[in-house]
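Me: Could you take a close look at the largest pocket in this model for me? I'd like to know what surrounds the space, and then how the rest of the fold relates to it.

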Amino acid sequence: MTSTIELVRFEAELPNRKILAKVIKALDGYTLKVMGFFEPLKVRAAEAKSDFPTRHDWDEFFRNSDNMNELEPGERPDTIYLAKMPSNWFKECGSSDDSMPNEHVLQNVFERFGTVRCVDIPVCDPYRRKMSSKISGIRTTGFSFGQEVLFEGYVQFVEYISFVRAMDFLRNKKLVKKMSDDRIFEAAIKVDFDKSKHLSNKNIHKRYVERERLKELEKQKISEECQEREKGEGDKTNTRKKYVERKSQREEKHSRKRNQKRQLKKEHQLNEMIAEEERKLVIARRKLESKRLLSALFWRIEAKLRKKDSRMKMSSRNLEEDLQSELETKLRQALLREQEQRLRKRIEAKMMLGKSHVTNSGGRQD
């Protein structure tokens with residue numbers, strides 16, 4: 001039975017079996033209050049049943065299995081399966097902290113029970129996790145955080161009696177190690193007989209073939225990666241060459257453009273200088289022409305003024321003459337009008353005299 005949300009399982013060890021009944025009687029049915037729970041918790045106590053296999057279990061398993069051959073190693077009760085083994089306890093002396101457990105150390109530990117034919121620690125094989133679970137020998141699965149703390153292993157004995165002696169010795173036992181400072185550490189390891197023919201000649205050969213295949217695949221992968229890397233480096237080299245060529249072409253193009261701009265700038269400056277000189281020459285010419293025009297204009301103005309003065313003098317003379325002639329004309333006209341009036345008066349007087357003479361002569365006739 002394992003712990004669940006509704007049940008928490010505890011295991012305890014007693015110094016001897018004599019007090020087992022008293023402890024069970026004292027704990028079984030006991031209630032206790034725990035903070036966070038409204039109802040009191042009830043304790044059930046009982047003697048823990050061992051799941052360690054017996055001789056009857058493995059004899060019955062191998063006797064009733066059809067695909068087992070007792071004449072072949074690994075297909076008979078001769079292999080022990082170990083799990084939850086501390087990795088640090090089975091390392092070579094002087095090895096680094098990140099090293100794997102050593103198969104020779106494990107073999108030396110179990111040779112006290114008899115001659116060991118074969119030992120296998122799956123975690124020591126880097127290709128084992130890539131193999132099928134039927135031949136890999138890895139039963140414990142879960143998350144791994146870097147170096148494995150616990151490992152699982154297989155120990156195969158040459159003789160059946162050695163296997164029985166080791167199983168009887170490990171029954172309901174814990175693995176204990178005494179440190180150099182007299183501290184003692186315990187490990188609750190799991191022990192069982194192998195049911196998967198892990199160390200049979202057939203499975204060992206399958207693992208060998210699979211390992212060679214994985215090595216070949218790894219070599220091919222490394223070769224392909226090297227080729228891809230070389231190709232990538234070649235592509236990078238070609239890309240670099242193309243980049244250098246494009247860069248040199250761009251620099252040459254920029255250099256040509258800069259030279260063209262510089263040449264155009266020089267030509268523009270030269271044209272500006274020429275235009276400036278031409279403008280100065282035009283200004284000088286215009287100044288000279290303006291001076292000439294002004295001098296000619298002043299000369300003409302002076303000539304006009306002189307001519308005007310002479311004309312004014314002549315006009316004043318002509319004016320006097322005109323005035324004099326006009327006065328003479330007016331006087332002449334006045335004299336003529338006066339003479340005309342005198343003449344008219346004379347004519348009228350004569351006509352008046354003629355009429356009066358006619359009148360007088362008519363009266364006389366009457």
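Reply: Happy to! A pocket here is an open set of grid points where a 1.4 Å probe fits, with protein on both sides within 12 Å along at least five of seven lines. Its volume is the space filled by probe spheres set on those points. Please keep in mind throughout that this is a predicted model.

With that in hand, the largest pocket holds about 2500 Å³ of space. Its lining is made up of 47 residues, and those nearest the centre are Arg9, Phe10, Glu11, Ala12 and Ala48. Three elements give two or more residues to this lining: helix H1 (20–27), strand S2 (41–42) and strand S8 (190–193). Of these, H1 gives the most, with 4 residues. If you sort the lining by class, you get 25 nonpolar, 18 charged and 4 polar residues.

Where does the pocket sit with respect to the domains? The chain is assigned a domain 1 (1–49) and a domain 2 (55–199). Both of them give residues to the lining, so the largest pocket lies between them. Taken over C-alpha atoms, the centres of the two domains are separated by 32 Å.

Let me walk from H1 towards S2, since both help to line the pocket. Tyr30 is found in the loop between H1 and strand S1 (31–32). The C-alpha atoms of Tyr30 and Leu41 are 8.4 Å apart, with their positions 11 residues apart along the chain. Setting aside neighbours within four places in sequence, Tyr30 makes contact with Leu41, Lys42 and Val43. Tyr30 is partly exposed, at a relative accessible area of 48%.

S8 is a useful bridge to the next part of the picture, because this strand gives two or more residues to the pocket lining and also supplies at least two residues of the largest nonpolar core, which is built from buried residues joined through side-chain atoms within 4.5 Å. That core has 28 residues, and the members that touch the most others are Leu82, Leu106, Phe110 and Phe157. Besides S8, the elements with at least two residues in the core are helix H2 (55–64), strand S3 (79–86), helix H3 (103–110), strand S4 (116–120), strand S5 (150–157) and helix H5 (160–170). The largest share, 5 residues, is supplied by H5. As background, nonpolar side chains in soluble globular proteins tend to be buried together.

H5 deserves a moment of its own. Its buried residues are Ser162, Phe163, Val164, Ala166, Met167 and Leu170. They pack against H2, S3, H3, S5 and S8. Phe157 shows part of this in detail: beyond its neighbours within four places in sequence, its contacts include Ser162, Phe163 and Ala166. Other contacts of Phe157 are Asp78, Ile80, Phe110, Phe113, Gly114, Thr115, Val116 and Arg117.

Two loop residues are worth checking for their backbone angles. Most residues other than glycine have a negative phi. Asn172, however, has a positive phi near 55° and is not a glycine. Asn172 follows H5 and lies in the loop between H5 and strand S6 (175–178). With a relative accessible area of 54%, Asn172 is exposed, because it is over the 50% cut-off. Lys197 also has a positive phi, of about 55°, without being a glycine. Its place is in the loop between S8 and helix H6 (201–365). Lys197 is buried, since its relative accessible area of 18% falls under the 20% cut-off.

Another buried loop residue is Ser87, with a relative accessible area of 2%. Ser87 is located in the loop between S3 and H3, and its C-alpha atom is 8.8 Å from that of Asn102, 15 residues away along the chain.

Finally, follow the chain into H6, where Leu305 is found. Leu305 is partly exposed, with a relative accessible area of 47%. Its C-alpha atom is separated by 132 Å from that of Ser95, a residue 210 places away along the chain.

To return to your question, then: the pocket lies between domain 1 and domain 2, and S8 is one of the elements that give two or more residues to its lining.

Conventions:
Residues numbered from 1 in each chain as written. Predicted model: local features only at pLDDT ≥ 70, side-chain atom pairs only at ≥ 80, totals over all residues. Heavy atoms only, no water. 1 Å grid on protein atoms, 1.4 Å probe; cavity = no way out; pocket = protein on both sides within 12 Å on 5 of 7 lines; lining within 4 Å. Nonpolar A, V, L, I, M, F, W, Y, C, P; charged D, E, K, R; others polar. Domains from an automatic or database assignment. Buried < 20%, exposed > 50% of the residue type's maximum accessible area, 1.4 Å probe, protein only. Contact = heavy atoms within 4.5 Å.
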